[in-house]
Every structure is written in C-alpha cells, then in structure tokens.
Amino acid sequence: MKKLVAAVLTLSLVFSMAFVAQPIKAADDASAAWKALVKKADKNGFIIKNKVLIRYVGSKKTVKIPKKVKAIAGGAFEVVEGYPAKTRTVIIPGTCKTIRAEAFVFSGLKKIVMKKGVRKLGKRCFADTYLKKIYFPKTVKKIGKQIMETEEGLQGTKIYVYKCSKAAKYFKKAKNKPYGRYKIKYRK
C-alpha cells in the first residue's frame, strides 16, 4: 500500500510540475514572437505590407496611421499578453478605406477617430475594446456585424455619428446595438 501511495504522489508531483512549467514556456514563446514582430516594424512601430497595416508594435499614446495605408488587418492593434498597451488614441486617415474584421479587438484603446474617406468596417472590428469615444465619418457605407460587441458591455462610451448616415442607421437597429451604457452623439 505504501508503494502505491508513493507512486501516486510521485505521479501527481510530476504532472503538477509539468503544468506549472507551461505558462513559463508560453510566456517565453510570446516574448520571442513579440521581439520578432518588433524587428519587422519601421521606426514608428508599423508593420505595413502591400499598403495594409498588419501590426502596430510601437508605444506612442496617440497614433496617426500613415496615409499610405489603404486597409487595417485583423489583430493590428490587439494587445499581446505581457506587453502593456500604451496606445490610447488612434487616428485613421481617409486614405484608409477598409478596417478589416477584428482589427482593433482587445486593443485597450480609449479613442478612435475615423476621418472622411473610411468606407468599410469589418465584422467585430472594435469588439472587446472598451472605448470611451469613437467617431464615424459620413463616408462609411458598409458595416459588419457586432462591430462593438463586448462581454461586459460598454460603460459610458460616446459614439459620434452623422444623422442619416450609415453608422447612425446601423446603431438604431436593435440587433446592432452594443450591450451596456453608451450614448449616441450626432455630429454637425
């Protein structure tokens, strides 16, 4: 019986040590992946390929996306575990026509300003980002599903739209309304 108990204890110790080691290895892998991304970025922290912003790895509080960018890829501003999100505001120029699905998901941003010219917003493009302010231009013509979906709900978010714009109509429909406390503000 003592040998059986000793064997069970030994096995449980081995398994617990294996599971404890996993997060350390995962953190090391994430750190290596982040360092590889930083090496690919330009001096301002942008990784741009074929006029698509693939990733931002810089540390500025306010980021102005370069005018040469025509689209923003999914996950471009997603926060990587272990690297604090320093960026709070993103300004998207009108030359950027498309924001792809989940481009700003889990980004930690507080404010997004889309300039006149932005046309397409992909599905869940701002999901799980607890913005305080977001500005939609009149030029937006196509909006994907659940663009501002969150698990806990928005808290005090101000959504700026133009009356009679596609964005204003989008947020009026019950199925498109974000969960939580937010206010729709009409721009002049």
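How exposed or buried is Glu149? Glu149 is partly exposed, at a relative accessible area of 30%. Keep that residue in mind for the views that follow, which come from a predicted model.

**View 1. Arg124 sits in a loop and is buried.** Look for Arg124 in the loop that runs between β8 (120-121) and β9 (133-135). Its relative accessibility is 15%, so Arg124 counts as buried, the cut-off being under 20%. Leave out the neighbours within four places in sequence, and Arg124 still has contacts with Glu102, Val105, Lys145, Gln146, Ile147 and Glu149. Two names on that contact list, Glu102 and Glu149, come back below as salt-bridge partners of Arg124.

**View 2. Arg124 and Glu149 meet through their side chains.** Here the side chains of Arg124 and Glu149 make a polar contact of 2.3 Å. The pair also counts as a salt bridge, with 2.3 Å between the closest N and O atoms. Glu149 belongs to the loop between β10 and β11 (154-162), while Arg124 is in the loop between β8 and β9, so this salt bridge ties together parts that are 25 residues apart in sequence. As for burial, Arg124 is buried at 15% relative accessibility, whereas Glu149, at 30%, is partly exposed.

**View 3. Glu102 forms a salt bridge with Arg124.** The closest N and O atoms of Glu102 and Arg124 are 2.8 Å apart. Glu102 comes from the loop between β6 and β7 (111-114) and Arg124 from the loop between β8 and β9, so the pair joins parts separated by 22 residues in sequence. Glu102 has 33% relative accessibility and therefore counts as partly exposed.

**View 4. Asp128 completes the picture around Arg124.** Asp128 and Arg124 meet side chain to side chain in a salt bridge, at 3.5 Å from N to O. Both of these residues are buried. Step back and you'll see Glu102, Arg124, Asp128 and Glu149 linked in a network of salt bridges. The salt-bridge count comes to three.

**View 5. Six strands make up an open sheet.** Follow the strands across in the order β1-β2-β4-β6-β8-β10; the pairing is mixed. At the edges stand β1 (46-49) and β10 (142-143), each with a single partner strand, so one side of each has no neighbour in the sheet. Further in, β4 (residues 71-72) and β6 (residues 98-99) pair in the parallel sense over two bridges. To find one of the partners, start at Ala71: its bridge partner in β6 is Thr98.

**View 6. Gly45 lies in the loop leading from α1 to β1.** The loop in question is the one between α1 (2-40) and β1, and Gly45 is part of it. Gly45 has just 7% relative accessibility, so it counts as buried. Not counting residues up to four places away in sequence, Gly45 touches Arg55, Tyr56, Val57 and Gly58. Val63 is worth picking out here too: its C-alpha atom is separated by 9.8 Å from that of Gly45, with the two residues 18 apart along the chain.

Definitions and conventions: Residues are numbered from 1 along each chain as its sequence is written. This is a predicted model: local features need pLDDT of at least 70, side-chain atom pairs count only at pLDDT 80 or more; totals for chains, interfaces and linings use all residues. Side-chain values use heavy atoms; hydrogens and water are left out. Helices (H or I, at least four residues) and strands (E, at least two) are DSSP runs, numbered from the N terminus. Buried means under 20% relative accessible area, exposed over 50%, partly exposed in between (1.4 Å probe, protein chains only). A polar contact is a pair of N or O atoms within 3.5 Å; within protein, one must be able to donate a hydrogen and the other to accept it, and residues adjacent in sequence count only if both atoms are side-chain atoms. Contact means heavy atoms within 4.5 Å. Two strands pair if DSSP finds at least two bridges between them. A salt bridge is a side-chain nitrogen of Lys or Arg within 4 Å of a carboxyl oxygen of Asp or Glu.
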